[in-house]
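Here is a short set of exercises to work through at your own pace. Keep the viewer open, try each task yourself, and then compare notes with the solution.

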Amino acid sequence: MIISERIFQVLKEKRISQKYFSEQTGIAQSTISDWKRKKTNPASDKIMAICNVLELTPYELLEGTESRKKVKADYIMIDGGSDSFDLMQQFRCLDTMDRGRLLGYAQALTDKREQDS
């Protein structure tokens, strides 16, 4: 099963029309129809909007698809504007060496906290 087939499966299960799905995701109805007709998948930048409307995590969306069989990843949803989001934004701006240093510092803090407990 490809991702678009999984999307149509969930739409059917949840009794969501393609029109409503289009309105909620901001994806053109013609694009959604193309997924079905041409057996193509949505662009990666649309996955989170799709997941939000279908009330699924990316993992749940990919479950049982050909893509899921190839991908082994965990996902964490972070609210924009939270401390975690700000930290991730700053982390992404760091080079590889500084990322390693920050991860080492975080590990040291975690180890210290565990020792104090």
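The exercises below go from the whole chain to single residues, and the model they use is a predicted one.

**Exercise 1. The overall picture**

Task: Describe the secondary structure of the chain, and find what share of its residues is buried.

Solution:
- Start with the elements: the chain has eight helices and zero strands.
- Reading along the sequence then gives the pattern α-α-α-α-α-α-α-α.
- Next, take burial: of the 117 residues in the chain, 24% are buried.
- Turn to the surface: the accessible area of the chain is about 8900 Å², and carbon and sulfur atoms account for 50% of it.
- Finish with contacts: among those with a separation of 6 or more, 52% join residues 24 or more positions apart.

**Exercise 2. The nonpolar core**

Task: Work out which helices supply at least two residues each to the largest nonpolar core.

Solution:
- Begin with the core itself: the largest one has 18 residues.
- Pick out the residues with the most contacts inside this core, which are Ile7, Leu11, Phe21, Trp35, Ile50, Leu54 and Leu61.
- Now assign the helices: α1 (3–13), α3, α4 (47–54) and α5 (58–62) each supply at least two core residues.
- Zoom in on Leu11: setting aside neighbours within four places in sequence, Leu11 contacts Ile16, Phe21 and Leu54.
- For background, nonpolar side chains tend to be buried together in soluble globular proteins.

**Exercise 3. Two buried residues**

Task: Decide whether Ile32 is buried or exposed, and list what is in contact with Ile32.

Solution:
- Locate the residue: Ile32 belongs to helix α3 (residues 29–38).
- Check its accessibility: the relative accessible area of Ile32 is 0%, so Ile32 is buried, the cut-off being under 20%.
- List its contacts beyond four places in sequence: Phe8, Gln18, Phe21, Ser22 and Ile27.
- Take one of these partners, Ser22: Ile32 and Ser22 are 10 residues apart in sequence, and their C-alpha atoms are 7.5 Å apart.

Task: Do the same for Thr25, and find the backbone atom that lies 2.8 Å from a polar atom of its side chain.

Solution:
- Thr25 sits in helix α2 (residues 18–25).
- With a relative accessible area of 13%, Thr25 is buried because this value is under 20%.
- The backbone atom is the oxygen of Phe21, at 2.8 Å from a polar atom of the Thr25 side chain.
- Beyond four places in sequence, Thr25 touches Ala49, Ile50 and Val53.

**Exercise 4. Salt bridges within helices**

Task: The structure holds four salt bridges. For three pairs, Arg37 with Asp34, Arg101 with Asp98, and Asp116 with Lys112, collect the distance, the separation along the helix and the exposure.

Solution:
- Recall the general idea: side chains of opposite charge can pair when their charged atoms come close.
- Take Arg37 and Asp34: their side chains form a salt bridge with an N to O distance of 2.4 Å. Arg37 and Asp34 are three residues apart in helix α3, so about one helical turn separates them. Arg37 is exposed at 58% relative accessible area, whereas Asp34 is partly exposed at 23%.
- Take Arg101 and Asp98: the closest N and O atoms of this salt bridge are 3.3 Å apart. These residues are three apart in helix α8 (residues 96–116), so they too are separated by about one helical turn. Arg101 is exposed at 59%, and Asp98 is partly exposed at 26%.
- Take Asp116 and Lys112: the N to O distance of this salt bridge is 3.1 Å. Asp116 and Lys112 are four residues apart in helix α8, so about one helical turn lies between them. Asp116 is exposed at 57%, and Lys112 is partly exposed at 47%.

**Exercise 5. A nonpolar patch on the surface**

Task: Find which residues make the nonpolar surface patch of about 370 Å².

Solution:
- The patch is made by Ile76, Ile78, Phe85 and Met88.
- Place one of these residues: Ile76 lies in the loop between α6 (66–70) and α7 (83–92).
- Check the exposure of Ile76: its relative accessibility is 74%, so Ile76 counts as exposed, the cut-off being over 50%.

Key
Residues are numbered from 1 along each chain as its sequence is written. This is a predicted model: local features need pLDDT of at least 70, side-chain atom pairs count only at pLDDT 80 or more; totals for chains, interfaces and linings use all residues. Side-chain values use heavy atoms; hydrogens and water are left out. Buried means under 20% relative accessible area, exposed over 50%, partly exposed in between (1.4 Å probe, protein chains only). Contact means heavy atoms within 4.5 Å. A nonpolar core is a set of buried Ala, Val, Leu, Ile, Met, Phe, Trp, Tyr and Cys residues joined through side-chain atoms within 4.5 Å. Patches are made of residues with over 30% relative accessible area and no salt bridge: like charges are joined within 9 Å, nonpolar side chains (Val, Leu, Ile, Met, Phe, Trp, Tyr) within 5 Å. Accessible areas come from the Shrake-Rupley method with a 1.4 Å probe; for residues, only the protein chains shown count as cover. A polar contact is a pair of N or O atoms within 3.5 Å; within protein, one must be able to donate a hydrogen and the other to accept it, and residues adjacent in sequence count only if both atoms are side-chain atoms.
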